[in-house]
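Work through the exercises below with the sequence and the model open. Try each task before reading its solution.

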Amino acid sequence: MKLFSCPSCGQRLYFENSRCLACGSEVLYDPDAAEFVLLGSDNFACLNADEALCNWRALGPQAFCRACALNKTIPDLSIEGNRDRWIRVEAAKRRLVYALLSFGLEVRPKQTPDEEAGIAFDFLGDPIGGGPGGEKILTGHDNGVITLNVAEADSVEREKMRIAMGETYRTLLGHFRHEIGHYYWDRLIRDDPTRLASFREIFGDETADYEQALQNHYANPPAPGWQENHITAYAASHPWEDWAETWAHYLHIVDTLEMSDSLGMSISALQANAEELLIPEADGDDGAAPPPGPTGSPFDQVLERWIVLSNASNSINRCMGLPDLYPFVISKNVAAKLAFVDELLCRT
């Protein structure tokens, strides 16, 4: 993510802006040009501009934008609170689509339920009473269809789930980045023998029973030392989940570094104190990320900058009494997995 300029007066715009606060011009983000344009003429507002506060340029008059066109099901807006939830969901989704387009990935709606390619989003809420069997809507991916429980848009509910699941981090954007990772595994790796062989060498054999792996994950604590090979405990459950978690963290990293560059932040200045920042506390449980060592990949420089920035951000958050911004440790093996994603997206 980066900062933008008003097409009328040149003043700074943020990704969420629909109006320039300096000159008052109404603006739209054009995902094809990756810049803001003035509303009017051939620049049409998305049909969800009023409904979900979408600020993207539509594909035509009385049409949706490239992000909203991916929606298959939206929340029931007759339910109190669902409109606000949907607005927050769409804001996170637009950030996801921005990143996907910036990598030159194909982003298009799914035309039919059976079509392998194409993306569709179902934003659903739990049925009253939880359904006849007490079931709830689960966030997940199935053949390009990404289902998200809109309760995740409520901070209190999301925090309850984070604690119940034993997670250190849980956000709407994190959900989107994780689930879309499953989709692009199908598109980029599954049918490519060379990439699949490289994937298995780094992540493991994905043909292992997936359902049984998840049952084992939820029934038993993670194996000791899982941090040496996985970015999260959930990533240790199965190679598919390891991939999706690693993919999501890669997007976290490059998106944040792009914004720091756009803000003119000097990470090199932080590196002057990097040795002190990167010394973990004695108990080893402070969320600091010690340098993982070289992976021998072009991603090394990106990772070095991220380690410095994330540790500095963690230290600043602690001064405010807040949780660490990035409470994860990137081991040497995890760094190699992140480098695999980087190679796939940026070097091929």
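## Exercise 1: the open sheet

In this predicted model, an open sheet is built from four strands in the order β5-β6-β8-β7, and its pairing is mixed. Task: find which strands are the edge strands, and describe how β6 and β8 pair.

Solution.

1. The edge strands are β5 (71-73) and β7 (140-142), since each of them pairs on one side only.
2. From one strand to the next, the twist averages 25 degrees.
3. Strand β6 (residues 120-124) pairs with strand β8 (residues 145-149) in the parallel sense, over five bridges.
4. One pair to locate is Ala120 with its bridge partner Val145 in β8.
5. Helix α1 (residues 82-102) packs on the sheet and touches β5, β6 and β8. The direction of α1 makes about 155 degrees with that of β6.

## Exercise 2: the end of β7 and the loop after

Task: decide whether Asp142 is buried or exposed, and do the same for Asn143, with partly exposed as a third choice.

Solution.

1. Asp142 is found in strand β7. Its relative accessible area is 57%, and the cut-off for exposed is over 50%, so Asp142 is exposed.
2. Asp142 and Glu116 are 26 residues apart in sequence, and their C-alpha atoms are 10.0 Å apart in space.
3. Asn143 lies in the loop between β7 and β8. At 26% relative accessibility, Asn143 counts as partly exposed.
4. The phi of Asn143 is near 55 degrees, a positive value in a residue other than glycine.

## Exercise 3: a hairpin

Task: state how β3 and β4 run relative to each other, and which way the side chains of β3 point.

Solution.

1. Strand β3 (residues 27-30) and strand β4 (residues 35-38) run antiparallel and are joined by four bridges.
2. Asp30 has Glu35 in β4 as its bridge partner.
3. The two strands form a hairpin with four residues between them. In the turn, Ala34 has a positive phi of about 55 degrees.
4. In a regular strand, side chains alternate between the two faces of the sheet. In β3, Val27 and Tyr29 point one way, while Leu28 and Asp30 point the other way. All of these residues are buried.
5. Ser41 has its place in the loop between β4 and β5. The phi of Ser41 is near 55 degrees, again a positive value in a residue other than glycine. Ser41 is exposed, with a relative accessible area of 70%.

## Exercise 4: two helices in contact

Task: give the crossing angle of α3 and α4, and sort the residues of their contact by type.

Solution.

1. Two packed helices are described by the angle between their axes and the distance between the axes.
2. The axes of helix α3 (residues 172-190) and helix α4 (residues 193-203) come within 8 Å and cross at roughly 120 degrees.
3. From α3, the contact involves Trp185, Leu188, Ile189 and Arg190; from α4, it involves Arg195, Leu196 and Phe199.
4. These residues divide into five nonpolar, no polar and two charged.

## Exercise 5: the nonpolar core and a buried serine

Task: name the core residues that touch the most other members, then describe the surroundings of Ser260.

Solution.

1. Nonpolar side chains tend to be buried together in soluble globular proteins.
2. The largest nonpolar core has 74 residues, and Ile180, Tyr184, Ile189, Trp243, Trp247 and Ile330 touch the most other members. α3 gives the most to this core, with nine residues.
3. Not counting residues up to four places away in sequence, Trp247 touches several residues, among them Leu100, Ile180, Tyr184, Leu188 and Val341.
4. Ser260 is found in helix α6 (residues 239-262). Its relative accessible area is 2%, so Ser260 is buried.
5. A polar atom of the Ser260 side chain lies 2.8 Å from the backbone oxygen of Leu257.
6. With residues up to four places away in sequence left out, Ser260 touches Met265, Ile267, Arg305 and Leu309.

## Exercise 6: the whole chain

Task: how many helices and strands does the chain have?

Solution.

1. The secondary structure comes to 10 helices and eight strands.
2. Of the 348 residues of the chain, 45% count as buried.

Terms used
Residues numbered from 1 in each chain as written. Predicted model: local features only at pLDDT ≥ 70, side-chain atom pairs only at ≥ 80, totals over all residues. Heavy atoms only, no water. Axes fitted to C-alpha atoms, helices over the stretch in contact; angles between N-to-C directions. Contact = heavy atoms within 4.5 Å. Nonpolar A, V, L, I, M, F, W, Y, C, P; charged D, E, K, R; others polar. Buried < 20%, exposed > 50% of the residue type's maximum accessible area, 1.4 Å probe, protein only. Polar contact = N/O pair within 3.5 Å; in protein donor to acceptor, adjacent residues only side chain to side chain. Pairing = 2+ DSSP bridges. Core = buried A, V, L, I, M, F, W, Y, C linked by side-chain atoms within 4.5 Å.
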